[in-house]
Amino acid sequence: MIAITAATGQLGRHVTEQLLAQVPAAQVVAVVRNPAKATDLSAQGVTVRAGDYNDKASLVAAFQGVQKVLLISSNEIGQRARQHQNAIDAAKEAGVSLLVYTSLLKADTSPLSLAPEHLATEQALKASGVPYVILRNGWYSENYAGSVPTALAHGAFVGSAGEGRIASAARADYAAAAVVALTQDLTANQTFELAGDEAYTLTELAAEISRQSGKDVPYVNLPEAEYAAVLSQAGLPTDLAQAIAGWDAGAAQGALFDDRQVLSQLIGRPTTPLSATISQALQA
């Protein structure tokens with residue numbers, strides 16, 4: 001059996017959908033904090049089990065009889081290392097034979113504030129003795145596409161990434177890589193650096209928004225502190241605003257760029273073009 005943690009999350013939904021296209025539903029376990037959000041999966045024959053990253057015992061129970069686990073990183077920044085340790089310990093206790101973890105692109109050298117918790121998880125995984133595959137996911141194209149409505153409303157796409165190139169891919173692309181790791185006989189104890197085939201600057205992203213929308217949407221680059229202030233004024237919590245601005249500043253340093261095309265090689269097809277993700281955002 002194959003278990004997917006955070007199966008009702010944004011990435012987890014993609015993985016579960018793609019996995020069900022390849023294996024019988026009876027072999028899939030959706031591990032979720034709130035089973036009520038997974039009734040559609042239950043209806044398809046998926047086994048839904050309660051499991052909380054803060055409750056190791058719940059994860060041990062959820063992983064019973066499971067051979068492979070996809071550990072999708074928690075969305076609780078600052079709590080991740082501890083939560084992921086619970087999941088790793090639970091997988092070991094339950095006798096899981098492969099643990100696949102969604103990490104961060106270049107986690108060992110990245111300047112992004114997200115990197116330390118991912119790296120700590122990777123180290124814990126390697127120390128556990130459980131066979132693993134680490135998928136170091138690059139940026140989701142949706143992270144920037146989500147700002148398209150705001151950019152259109154204000155007549156500019158604002159950021160702090162300068163001319164840093166961003167090799168993002170769609171969530172569905174990273175989900176496909178997870179499905180490969182769960183269903184194919186990859187050599188264990190490998191780390192894959194995953195990023196999109198196509199790299200762009202935020203100036204080029206804004207130009208694509210302009211092209212598709214028919215409106216002039218220039219990119220406005222701000223110093224990191226000014227961008228954080230803009231995000232705070234827009235209603236984001238101060239810590240989150242500072243973090244987002246910091247991630248853009250990291251992109252300016254090359255943190256979100258990789259041109260090895262490992263992701264497309266792993267999934268056997270090109271990654272989703274940025275233009276397609278922008279088109280979906282404009283139609284939403």
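Helices here are DSSP runs of H or I with at least four residues, numbered from the N terminus. With that in hand, let's walk through two helices and a couple of ring pairs in what is a predicted model.

**Helix α5 and its end**

Just past α5, Gly129 takes a positive phi of about 85°. The helix itself covers residues 115-128, and its 14 residues should span 20 Å at 1.5 Å a residue. The end C-alpha atoms of α5 are indeed 20 Å apart, so expectation and model agree.

Which residues of α5 are buried? They are Ala115, Glu117, His118, Thr121, Glu122, Ala124, Leu125 and Ser128. The cover over these buried residues includes α4 (80-94), β5 (98-104) and β6.

**Helix α9 and its end**

Now for α9, residues 202-213. Its 12 residues should span 16 Å at 1.5 Å a residue, and the end C-alpha atoms are 16 Å apart, which agrees. After α9 comes Gly214, and its phi is positive too, near 75°.

The buried residues of α9 are Leu202, Leu205, Ala206, Glu208, Ile209 and Ser210. What do they pack against? Their partners are two helices numbered before α9, α6 (141-145) and α7 (148-154), along with the strands β7 (157-159) and β9 (219-221), plus α11 (238-252) and α13 (274-283).

**Aromatic pairs**

Searching the whole structure turns up 3 aromatic pairs. One of them joins Trp139 and Trp247 edge-to-face, with 5.8 Å centre to centre and 75° between the planes. Trp139 sits in the loop between β6 (132-137) and α6, while Trp247 belongs to helix α11, so this pair ties together parts that are 108 residues apart in sequence.

Another is Tyr140 with Tyr174: the ring centres are 5.4 Å apart and the planes stand at 65°, so this pair is edge-to-face. An angle over 60 degrees is what earns that label. Tyr140 is in the loop between β6 and α6, and Tyr174 is in helix α8 (residues 171-183), so the pair links parts 34 residues apart in sequence.

Are these four rings' residues buried or exposed? Buried means under 20% relative accessible area, and here is how they come out:

| Residue | Relative accessible area | Status |
|---|---|---|
| Trp139 | 9% | buried |
| Trp247 | 12% | buried |
| Tyr140 | 18% | buried |
| Tyr174 | 1% | buried |

At 18%, Tyr140 counts as buried because the cut-off is under 20%. Tyr174, in helix α8, is buried with a value of 1%.

Notes
Residues are numbered from 1 along each chain as its sequence is written. This is a predicted model: local features need pLDDT of at least 70, side-chain atom pairs count only at pLDDT 80 or more; totals for chains, interfaces and linings use all residues. Side-chain values use heavy atoms; hydrogens and water are left out. The expected span of a helix is 1.5 Å times one less than its number of residues. Buried means under 20% relative accessible area, exposed over 50%, partly exposed in between (1.4 Å probe, protein chains only). Contact means heavy atoms within 4.5 Å. Rings of Phe, Tyr and Trp (its six-membered ring) pair if their centres lie within 6.5 Å; planes under 30 degrees apart count as stacked, over 60 as edge-to-face and the rest as tilted.
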